[in-house]
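Biologist: Could you walk me through how the labels on this one were assigned? I'd like to see the value and the cut-off side by side.

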Amino acid sequence: MKFRDVRMRGFEKRARLSAVLDWLDAHCASLPGESIPLAESAGRILAEEIVATSNIPAYRRSAMDGYAIAGEETTGASDYSPLTFRVVGESWPGSPFSGKLYSTQAVRIMTGAPVPEGADAVLPAEQASEAGDLVEFTGSVPPGKNVGAIGEDVREGTSVLPAGRRLRPQDVGLLASLGLAVVPVIRRPKVRMLITGNELAAVGQPIGESQIFDSNSPMLHSLIVRDSGELIEQLHLRDDRHLISEALQRPGADVLLVSGGSSVGAEDYAPSLLDELGELDFHGMAIRPASPTGVGRLGSAIVFLLPGNPVSCLCAYDLLAGRTIRQLGGRSPRLPYATREFVLSKKIVSSVGRLDYCRVCIDEERVFPVATSGASILSSTSRADGFVLVPEESEGYAVGTTVSVHLYDLPFDRPL
Ligand code: AMP
Ligand code: MG
């Protein structure tokens, strides 16, 4: 056993967040790629650069409903001196005019249809009036006007999207326009949750006296979804060493999240089990309120022992586990929150030597810490608009200090 058994003794020392993040960075490269159907690719991370294998459009296409003509033939046409052309055919999207145009000939053409040989411009229908097989033009267009050139959207051989791109809906459309039916994306990390605690009941189940509903698993599940992880299994376990040991050893996960029993209580089995079965690389962190957090490895999985207290659980997930899930899945390790600067209207108190995850409320352009903010007060995180991270070397911030707030909601989702 590398770690001293800390049960009922307390942590000897606590790891700095930066040390844990350095370790995590060294132990999680992004996962390999897989091919998935195009229709399922929005939000996924491209595993490879996409290079165009064709031109879009592949033919000169009309940008207007009107008449395909040789542009220079229309020079001088106006309301006062219209020019007359002969209509020799039609070009529709998907059903082009197959012949060639000669001078003063025109082809009726629709938007998106191929521009026939001999034509180099399209005169809009508004400047034309047809009678029989003749058409009179009351305006002129220079060569090239209203014609989309071959490759004007995407040129064959050019890079369309880089590896690592998180696919937007319009990217999916772009890949479809290149004819891609399957897309190479980075595999999503498989996550298993072990929710421990004798006192827990699942929502929808009857609750006994001195029991509480398990709020961590639905919260963690939502966070895993946000970070593009795939929850493969969720186990609810009593604080039983044997059960937790078995569950820890189940194969197939890239990330294991254990909720509860991560601290120094007599029933906190997960840390010593991880130490025995795999490696417990960190236990005890200089983070408030997530100090009883553990990080290690078991087989090929990275394991996070998250405190049961819901605020601590959220904080430990966000600062550590979420980062790893995003990183394994090829996403940016950065916190997925927009940040904005605000001036403090009440001081934030912290201690040198630990990082504080301080929940704050925003009032106009000012910000202040939430009043009741213990690790077990989950409602503090719902009342808060975001959080401020107070670094290890700081004792806190005085009134009037400008602080950077991580916003739980995107700025346009809330009336700031
Ligand atoms: P533990 O980390 O197991 O020592 O739990 C610390 C506190 O968090 C205790 O008050 C537990 O009842 C509570 N707790 C543990 N797990 C959960 C959970 N899944 N949902 C809500 N509260 C929990
Ligand atoms: Mg417990």
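Biologist: Why is Ala128 called buried?

Modeller: This is a predicted model, and in it Ala128 has a relative accessibility of 19%. Buried means under 20%, so Ala128 counts as buried.

Biologist: What does Ala128 touch, leaving aside its neighbours within four places in sequence?

Modeller: Ala128 is in contact with Tyr67, Leu123, Val135, Glu136, Phe137 and Thr138. Ala128 itself lies in strand E8, residues 128-131. Asp363 is another matter: its C-alpha atom and that of Ala128 are separated by 61 Å, with the two positions 235 residues apart along the chain.

Biologist: On to the cysteines. How do you know that Cys28 is not bonded to Cys315?

Modeller: A disulfide is a covalent bond between the sulfur atoms of two cysteines. The rule wants those sulfurs within 2.5 Å. For Cys28 the closest cysteine sulfur is in Cys315, 18 Å away, so that is too far for a bond.

Biologist: And what makes Cys313 fail?

Modeller: Its closest cysteine sulfur is also in Cys315, at 9.8 Å, so again too far for a bond. By this rule the disulfide count comes to zero.

Biologist: Are Cys28 and Cys313 buried or exposed?

Modeller: Cys28 has 5% relative accessibility and Cys313 has 0%. With the limit at under 20%, Cys28 counts as buried, and so does Cys313.

Biologist: Which residues touch the most other members of the largest nonpolar core?

Modeller: That core has 41 residues, and the ones in question are Leu24, Leu220, Leu257, Val295, Phe304 and Leu320. Helix H6 (310-328) is one of the elements that supply at least two residues; H6 gives the most, with 10. Val295 touches, among others, Leu24, Phe304 and Leu320. Apart from the largest core lies another, of 16 residues, including Ala247 and Leu280.

Biologist: What makes E16 and E18 edge strands?

Modeller: Each of them pairs on one side only. The sheet is open, with six strands in the order E16-E13-E17-E21-E20-E18 and mixed pairing. From one strand to the next, the twist averages 20 degrees.

Biologist: How do you know that E17 and E21 pair?

Modeller: Pairing takes at least two bridges, and E17 and E21 have five, in the parallel sense. Leu257, for instance, has Phe304 in E21 as its bridge partner. Helix H3 packs on this sheet, touching E13, E16, E17 and E21.

How values were computed. Residues numbered from 1 in each chain as written. Chains lettered and ligands numbered in written order. Predicted model: local features only at pLDDT ≥ 70, side-chain atom pairs only at ≥ 80, totals over all residues. Heavy atoms only, no water. Core = buried A, V, L, I, M, F, W, Y, C linked by side-chain atoms within 4.5 Å. Buried < 20%, exposed > 50% of the residue type's maximum accessible area, 1.4 Å probe, protein only. Helix = DSSP H or I, 4+ residues; strand = E, 2+ residues; numbered from the N terminus. Contact = heavy atoms within 4.5 Å. Axes fitted to C-alpha atoms, helices over the stretch in contact; angles between N-to-C directions.
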